[in-house]
Amino acid sequence: MNFPSELKYTKDHEWVRVEGDEAVIGITDFAQRELGDIVFVDINTVGDEVAANEVFGSVEAVKTVSDLFMPVTATVLSVNDAIDANPELVNSDPYGEGWIIRVKLNNAADVDGLLSAEAYQAEVNA
């Protein structure tokens with residue numbers, strides 16, 4: 001499994017890549033393996049401020065639907081259009097083309113409270 005060291009992680013299996021006062025968020029390699037083949041990503045929070053640990057959308061796999069939790073308080077700016085037509089990108093490239101949303105961070109320092117790659121790896125016993 002892949003745990004890029006430049007990302008921050010949550011215990012709910014989301015990752016965050018900070019880009020200035022914005023961030024890109026997706027689900028981890030571990031999460032997509034646990035879910036199986038992803039067939040649909042539902043995000044209806046564009047333009048909304050979503051508090052840390054609140055649901056910002058969901059992913060639907062063949063056998064289950066799983067909520068997506070906001071890692072830090074942020075405003076949802078956009079959804080990755082590529083995953084509308086190709087939700088399997090979340091499985092094949094979870095840290096790249098399969099990203100889910102772009103957000104504007106309320107406080108970039110909040111990201112410091114998230115898990116490092118090593119801590120997340122230990123969390124999932126990988």
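Two strands count as paired here if DSSP finds at least two bridges between them. With that in hand, here are some close-up views of this predicted model.

**View 1. Strands S4 and S6 run side by side in the antiparallel sense.** Strand S6 covers residues 55–61, and its pairing with S4 extends over 4 bridges. For a landmark along this pairing, look for Asp 42, which stands opposite Ser 58 of S6.

**View 2. Strands S4, S6 and S7 make up an open sheet.** The 3 strands follow the order S4-S6-S7, and their pairing is antiparallel. At the edges sit strand S4 (38–42) and strand S7 (65–69), each of which pairs on one side only. From one strand to the next, the twist averages 25°.

**View 3. Arg 17 and Glu 19 are joined by a salt bridge between their side chains.** The N to O distance is 3.1 Å. Are these two residues buried, partly exposed or exposed? Arg 17 has a relative accessible area of 24%, so it is partly exposed. Glu 19 is partly exposed as well, with a value of 33%.

**View 4. Glu 19 also meets Arg 102 in a salt bridge.** Here the N to O distance is 2.7 Å. Glu 19 belongs to strand S2 (residues 14–19) and Arg 102 to strand S9 (residues 101–105), so this contact ties together parts of the chain that are 83 residues apart in sequence. Arg 102 has a relative accessibility of 23%, and therefore counts as partly exposed.

**View 5. Arg 102 forms a salt bridge with Glu 22.** The closest N and O atoms of this pair are 3.1 Å apart. Once again distant parts of the chain are linked: Glu 22 lies in strand S3 (residues 22–27) and Arg 102 in strand S9, 80 residues apart. Why is Glu 22 classed as partly exposed? Its relative accessible area is 23%, and the partly exposed class lies between the buried limit of under 20% and the exposed limit of over 50%.

**View 6. Four side chains come together in a network of salt bridges.** Which residues take part? They are Arg 17, Glu 19, Glu 22 and Arg 102. To trace the links, start at Arg 17, which meets Glu 19. Glu 19 in turn meets Arg 102, and Arg 102 carries the path on to Glu 22. For the wider setting, a search of the whole structure finds 5 salt bridges.

Methods: Residues are numbered from 1 along each chain as its sequence is written. This is a predicted model: local features need pLDDT of at least 70, side-chain atom pairs count only at pLDDT 80 or more; totals for chains, interfaces and linings use all residues. Side-chain values use heavy atoms; hydrogens and water are left out. Helices (H or I, at least four residues) and strands (E, at least two) are DSSP runs, numbered from the N terminus. Axes are lines fitted to C-alpha atoms, for helices over the stretch in contact, and angles run from 0 to 180 degrees between N-to-C directions. Buried means under 20% relative accessible area, exposed over 50%, partly exposed in between (1.4 Å probe, protein chains only).
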